[in-house]
Amino acid sequence: MILLTGSTGSVGLSLAKLLSQRGIEYRAMVRDVAKASALDLAGAEWVQGDFQDTESLRQSLDGVDRVFLLAPPVENIDRIEATFLDIAAACGVRYVVNLSAVGAGLGVPHRFGQWHGQTEKYLRESEFDFTILRPNFFMQNLLTMTSMIQQGTLYVPAGEGKAPFVDVRDIAAVAATCLTETGHEGKIYDVTGPVSIGYSDIAATLTHVLGRTINYVDIPAEAAKASMLEMGMPAWLVDALNELNAGLKENRFGLVTNVVSEVGHKIPIDLDSFVRDHVASFA
Ligand SMILES: NC(=O)c1ccc[n+]([C@@H]2O[C@H](COP(=O)([O-])OP(=O)(O)OC[C@H]3O[C@@H](n4cnc5c(N)ncnc54)[C@H](OP(=O)(O)O)[C@@H]3O)[C@@H](O)[C@H]2O)c1
């Protein structure tokens, strides 16, 4: 049995839909079974589970041999994942597909990368067979910027840095392959979009597809921090996002790979198609 975590979220829901479309049965661990069952996905068995509740993890993992492990974007992802993996090992799970992040590693200068790096280390030192997916920035992050886009200007402290933003549907395709085919054990896949783009390119594509001018203004990190704090975001998250944008500005995440086509067996979605698929959200 395959267990999915995070399956009401951005990547996880795309993965659940893909497995359902392919007629693959799976169990999905969710915090609210009633809400998730309303998604009405064929082949899904919903189980109540919370990363903070070890007994619920034991019940969710009972009879499972393969896991898609995605932790929410919270502080100290590595601790949540280590607790989950300790229980998974005790329950006899054999294979783990872990959603890590671009640039993950122990000594890197961004905390999300450090946390994901810790989980990668755990997996390398464990008895599990595993595959690590390191996706680049999600195109879907732009859906959290709709109010800036509606007002016509993207304010981001990312300079003219470029990275191959990836659509979560493509990450899901790679994860689905790993969970259902053999030969991916021990691999680390950098999952990227088809081409490196910066916020100037993003603004130009939004302008072209939406038919109205969207500007990009590179702002100082301190100004971005003040604005995010004013919006009520927690300080640790504000700093973590600024660390990632600093990495983008320095072109530290620019490598383009063919993982989506080679492993996900599909043509990677480009930004133009992503924006066209979400026009209603940006209108
Ligand atoms: N955004 C990026 O550009 C980017 C790039 C690379 C890697 N990543 C990594 O991607 C991951 C986030 O993926 P995402 O955007 O798909 O996440 P998301 O949309 O925020 O979804 C998070 C999922 O986790 C579930 N969840 C939250 N708290 C939980 C708990 N205590 N117990 C069990 N489930 C819980 C949520 O369920 P509910 O419905 O119950 O809330 C939801 O299904 C992070 O690890 C992040 O570091 C992100």
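Axes are taken here as lines fitted to C-alpha atoms, for helices over the stretch in contact, and the angles between N-to-C directions run from 0 to 180 degrees. In this predicted model, helix α9 (residues 221-230) packs with helix α10 (residues 235-249) at an angle of about 150°, the two axes being 10 Å apart. The crossing of these two helices, α9 and α10, is right-handed. On the α9 side the contact is made by A221, A224, K225, M228 and L229, which meet A235, V238, N242 and A246 of α10. By residue class, this contact of α9 with α10 divides into 7 nonpolar residues, 1 polar residue and 1 charged residue.

The surroundings of the ligand comprise 26 residues, of which T8, G9, S10, P72 and A101 come nearest. Helix α1 (residues 10-21) supplies the largest share of this shell, namely 3 residues. In composition, the shell around the ligand holds 15 nonpolar, 8 polar and 3 charged residues.

A further position considered is S60, which is found in helix α3 (residues 54-61). S60 counts as buried because 25 C-beta neighbours lie inside 10 Å, the cut-off for this class being 20 or more. When its neighbours within four places in sequence are left aside, S60 is in contact with L3, M29, V47 and G49. With respect to V97, S60 is separated by 37 residues in sequence and by 16 Å in space, C-alpha to C-alpha.

Methods. Residues are numbered from 1 along each chain as its sequence is written. This is a predicted model: local features need pLDDT of at least 70, side-chain atom pairs count only at pLDDT 80 or more; totals for chains, interfaces and linings use all residues. A residue is near a molecule or strand if its C-beta atom, placed from the backbone, lies within 6 Å of it. Helices (H or I, at least four residues) and strands (E, at least two) are DSSP runs, numbered from the N terminus. Ala, Val, Leu, Ile, Met, Phe, Trp, Tyr, Cys and Pro count as nonpolar, Asp, Glu, Lys and Arg as charged, and the others, Gly among them, as polar. A crossing is left-handed if the near helix is turned anticlockwise from the far one by less than a right angle, and right-handed if clockwise. Two residues are in contact if their C-beta atoms, placed from the backbone, lie within 7 Å. A residue is buried if 20 or more other C-beta atoms lie within 10 Å of its own, exposed if 12 or fewer, and partly exposed in between; C-beta atoms are placed from the backbone.
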